Amino acid sequence: MRKIIYGILCLVSMFCVVKVSATCSYSNSYNAVDGGGNIHYDGNSNYNAVFNYALGKWNDRGHVNIAEDTIFTEQDLEYYDDWAVNEPWGGAYAWVNPGIDYIIINTWKFAYLTTDERQMVMLHEWGHALSLAHSTTGNVMFRYITDQDTLGSQDISTYNCLWS
Ligand SMILES: [Zn+2]
């Protein structure tokens, strides 16, 4: 079973999944977090720095541990670049069960974005990997690309509701 969230411009995607949990507002029921509260990731991108910036901001929240996969851990998530010409989405998160979830970076779209916008897209996709759904303007989980490169108040309260 597979669900793909085309992170940005989800409205126009037939794969768009919007589901609100009964317990936490703006949350989805699926994520990349393993039973131990970790996301072990591996992969490569032309935008490794942006990818790492975004996971660092989420790690700073302190509950889910996002760390690189090692020989001692089981991989939960893979990330890679795609060159999706004329596609409106900057990034995508796919939930795969059973299996390894992934985050895709659309390098065609990224070429048109500023650093702040790229950081917003990666914060957004990591938010999906952490079970956050689309929320309101002023948050990285807003469905459209903005230059917001830090977490908003709804981002943080949904994360805390889910994981603290
Ligand atoms: Zn999204």
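Colleague: Let's start with a pairing. Which residue in S4 is the bridge partner of Asp42?

Modeller: Glu78 is the partner of Asp42 in S4. Strands, like helices, are DSSP runs numbered from the N terminus, with at least two residues (E) for a strand and at least four (H or I) for a helix. Two strands pair if DSSP finds at least two bridges between them. Here S2 and S4 run parallel and are joined by three bridges.

Colleague: Before we go on, what kind of model is this?

Modeller: This is a predicted model, in which local features need pLDDT of at least 70 and side-chain atom pairs count only at pLDDT 80 or more, while totals for chains, interfaces and linings use all residues. Residue numbers start from 1 along each chain as its sequence is written. As for pLDDT, that is the predictor's confidence in each residue, on a scale from 0 to 100. The chain averages 91, and 87% of the residues score at least 70.

Colleague: Over which residues does pLDDT stay under 50?

Modeller: That is residues 9–21, for which the model has 30 contacts beyond four places in sequence. Two residues are in contact if their C-beta atoms, placed from the backbone, lie within 7 Å.

Colleague: And in what order do the elements run?

Modeller: There are four helices and six strands, and from the N terminus on they go β-β-α-β-β-β-β-α-α-α. Among contacts with a separation of 6 or more, 70% link residues 24 or more positions apart.

Colleague: Back to the strands. How many bridges join S4 to S6?

Modeller: Six, and these two strands run parallel; as an example, Tyr79 has Ile103 as its bridge partner in S6. S6 (residues 101–106) also pairs with S5, in the antiparallel sense, over four bridges. In that pairing, Ala92 stands opposite Ile104.

Colleague: What lies between S5 and S6 in their hairpin?

Modeller: Four residues, with Gly99 in the turn showing a positive phi of about 140°. Pro98 is in that loop too, and the peptide bond leading to Pro98 from Asn97 is cis, with omega near 0°.

Colleague: Which residue other than glycine has a positive phi near 65°?

Modeller: Asn86, in the loop between S4 and S5. Tyr26 is another non-glycine with a positive phi, of about 55°, and it sits in the loop between S1 (2–6) and S2.

Colleague: Is Tyr26 buried or exposed?

Modeller: The general idea is to count neighbours: a residue is buried if 20 or more other C-beta atoms (placed from the backbone) lie within 10 Å of its own, exposed if 12 or fewer, and partly exposed in between. Tyr26 counts as buried because it has 23 such neighbours. Asn86 has 6, so it counts as exposed. Over the whole chain of 164 residues, 41% are buried. Strand S5 (residues 91–96) is mostly covered, with five of its six residues buried.

Colleague: Now helices. Which residues of H4 are buried?

Modeller: The general idea comes first: an α-helix has 3.6 residues a turn, so residues three or four places apart point the same way. In H4 (residues 153–163), the buried ones are Asp155, Thr158, Tyr159 and Leu162. They line one face of the helix, because seen down its axis they fall within an arc of 100°. That arc is taken from the directions from the helix axis to the C-beta atoms. Helix H3 (115–129) is part of what covers them.

Colleague: What does Thr158 touch?

Modeller: Leaving out residues up to four places away in sequence, Thr158 touches Cys24, Ser25, Tyr26, Ser27, Leu132 and Ser135. Thr158 and Cys24 are 134 residues apart in sequence, yet 6.3 Å apart in space, C-alpha to C-alpha. Thr158 has 25 C-beta neighbours inside 10 Å, so it counts as buried.

Colleague: Which residues touch the most other members of the largest nonpolar core?

Modeller: A nonpolar core is a set of buried Ala, Val, Leu, Ile, Met, Phe, Trp, Tyr and Cys residues joined through C-beta atoms within 7 Å. The largest one here has 40 residues, and Ile39, Ala54, Leu77, Trp126, Ala129 and Leu130 touch the most other members. Elements giving two or more residues to this core include S2 (38–43), H1 (48–59) and S4 (77–82). H3 gives the most, with six residues. As for Ala54, its contacts more than four places away in sequence are Gln119, Met122, Leu123 and Trp126.
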